[in-house]
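Work through the exercises below with the model open. Each task is followed by a stepwise solution.

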Amino acid sequence: MPKETFVSDYIRQVSKEVKLPRRVRIFDTTLRDGDQTPGVSFTPDQKLLVARQLDRLGVDTIEAGTPISSEGERKAVTAIAKAGLKAEICGLARALKEDIDAALACGVDCVHVFISTSDLHLKHMLKMTHKQVLEQAVKFVEYAKDHGVTVEFSAMDATRTDLSYLKQIFQATVDAGADRINVPDTVGVITPRGMNYLISQLRPVIKVPISVHCHDDLGLAVANSLAAVEAGADQVQVTVNGIGERAGNASLEEVVMGLRALYGIRPNIRTKLLAETSDLVERLTGIPVPPNKAIVGDNAFAHVSGIHAHGVLEFPGTYEPISPELVGHHRRLALGKLTGRHSVEKQLRNIGVKATKEQLADITGQVKALGDKGKQVTDVDLRAIAEIVIGALPKEEKVVELKEVTVTTGSTITPTASVRLTIRGEERVGSATGVGPVDAAIAAIRTVMSEISELRLKEYHLDAITGGSDALAEVTVKLEDERGNIYIAKGVREDVVIASVDAMINGINRYFVGRK
Ligand code: KIV
Ligand code: ZN
């Protein structure tokens, strides 16, 4: 097993019992079945861009489109066929002369010929007999083959097709020259065990490479694809991000990493390009990758619980079955309410910040408090919090301490704020109005502190630390005393008003220290 992955002994044991293929071909159909995703329609230029990326990634076959379907499709498939890519370029065709001619005219290396074989499809769609379908399949596999291209034959709806008929049509098409046969689970209704059985039945009688094409209607496309490989399939048809008809196809990144991590089979794929390939397809299709999507989702290598984060920081294999670098992704420690002091300390070290024990406890407390309010703390947030805590005056030098602040504001009422604070231990309470909630809060501080009547707010600056409406607010204030001394201070909170009050109080404390 490769070193960068961590699998269980059970898998190793089972793997000994099956004869795994040494190599598995990756047939990518992002530009064909993926183009059948509701709401997706690649332009020829976009298709060429994706094809170049798939070629860099190392897929064995790029199914570039269905040439018979439109002028744009023919343009795209022709451009991809002429682009000088290493991958085999394939076009889809029904078992019909005009479809195959359209694909051949694009200059493809391979024609993927298909016809339905299940009784359900024969009765309700094709209105043909088994014999007629078999004859048509053989006739057009031969026709395509006569034009010197590689031919892959698919029995559509294979997993609902009578097994003896399926064997018969596959054998007949292989005899007619098919170079590979493909077993589509067209509506995603097989189980891993069923797929294993089906491929085990076909394997002894089919003398050419066997491929599978699994749909994800019941969320089993990847599991079924891997089960097929366990039973001797040589090729898997996949799409980037698992896009495709309805619930989509088996996802390329999951199949490739499953093969590599769980079976030690290394398809010809530069796995480091998986994340960027996923990003490209997400961008061009507008189909968002769910954050919890395996391998390429934003959360695929994000650790939240303190226990997990601790483990990963000590040794990544504790909670990462594959390393993020292997797929071009990155590890993220999402700090929040479940985060422990250990993770905060390590994460601070990672971002180059050193904190004392006391400061660490304070920073961890703030991280947890933010987590309790539903926020996850990013590295940028953490740095801002740490800067405030580390840059703060020691507790014994703090003259003023904020106990509470409340504000009321709205479109039809005057913003009003109340503050409760202590000055050298003496409690003071006051309120004031202002043009906005921040102005009211600062005015309220002034009403209870005659000692700062000479202190002027010279500058006020507000920054949202990260994007989004739940971003932490960083407020910087510049205060000037009667002698022209300047005191700069910051406050970082999830609430702009409280961040502003914190910044003011920090500045006032510096002012008092300066006057000692
Ligand atoms: O799902 C399917 O059966 C297909 C075939 C064309 C292979 O996409
Ligand atoms: Zn399909």
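**Exercise 1. Sort the shell around ligand 1 by residue class.**

Solution. This is a predicted model.
Step 1: list the shell. Ligand 1 is surrounded by R32, D33, H112, S154, M156, N182, P184, T186, H213 and H215.
Step 2: assign classes. The shell holds 2 nonpolar, 6 polar and 2 charged residues.
Step 3: pick out each class. Met and Pro count as nonpolar, Asp and Arg as charged.

**Exercise 2. Find polar side-chain atoms that approach an oxygen atom of ligand 1, and state how much of the ligand is covered.**

Solution. Use the cut-off for a polar contact: N or O atoms within 3.5 Å.
Step 1: take R32. A polar atom of its side chain sits 3.0 Å from a ligand oxygen.
Step 2: take D33. Here an N or O atom of the side chain is 3.1 Å from an oxygen atom of ligand 1.
Step 3: take H213. Its polar side-chain atom also lies 3.1 Å from a ligand oxygen.
Step 4: turn to area. On its own, ligand 1 has 260 Å² of accessible area, and the protein covers 96% of this.

**Exercise 3. Which strands each supply at least two residues of the ligand shell, and in what sheet do they lie?**

Solution.
Step 1: the strands are β5 (150–156) and β6 (180–185).
Step 2: trace the sheet. A closed barrel of 8 strands runs β1-β2-β3-β4-β5-β6-β7-β8, and the pairing is parallel. On average, neighbouring strands are turned by 25° against each other, direction ignored.
Step 3: inspect one pair. Strand β4 (residues 110–116) joins β5 in the parallel sense over 7 bridges. I115 stands opposite A155 in β5.
Step 4: add the helices. Helix α5 (residues 119–126) lies across β4 and β5, at about 85° to β4. Helix α6 (residues 130–145) packs on the sheet and touches β4 and β5; its direction makes about 160° with that of β5.

**Exercise 4. Explain why β11 and β13 each have a side without a neighbour in the sheet.**

Solution.
Step 1: get the order. An open sheet of 3 strands runs β11-β12-β13, with antiparallel pairing.
Step 2: count partners. β11 (400–408) and β13 (426–433) stand at the edges with a single partner strand each, so one side of each has no neighbour in the sheet.
Step 3: check the pairing. β11 and strand β12 (residues 416–423) run antiparallel, joined by 8 bridges. The bridge partner of E404 is R420 in β12.
Step 4: place a helix. Helix α16 (residues 437–448) packs on the sheet, touching β11, β12 and β13.

Methods:
Residues numbered from 1 in each chain as written. Chains lettered and ligands numbered in written order. Predicted model: local features only at pLDDT ≥ 70, side-chain atom pairs only at ≥ 80, totals over all residues. Heavy atoms only, no water. Near = heavy atom within 4 Å. Polar contact = N/O pair within 3.5 Å; in protein donor to acceptor, adjacent residues only side chain to side chain. Areas by Shrake-Rupley, 256 points an atom, 1.4 Å probe, with all protein chains shown as cover. Helix = DSSP H or I, 4+ residues; strand = E, 2+ residues; numbered from the N terminus. Pairing = 2+ DSSP bridges. Axes fitted to C-alpha atoms, helices over the stretch in contact; angles between N-to-C directions. Contact = heavy atoms within 4.5 Å.
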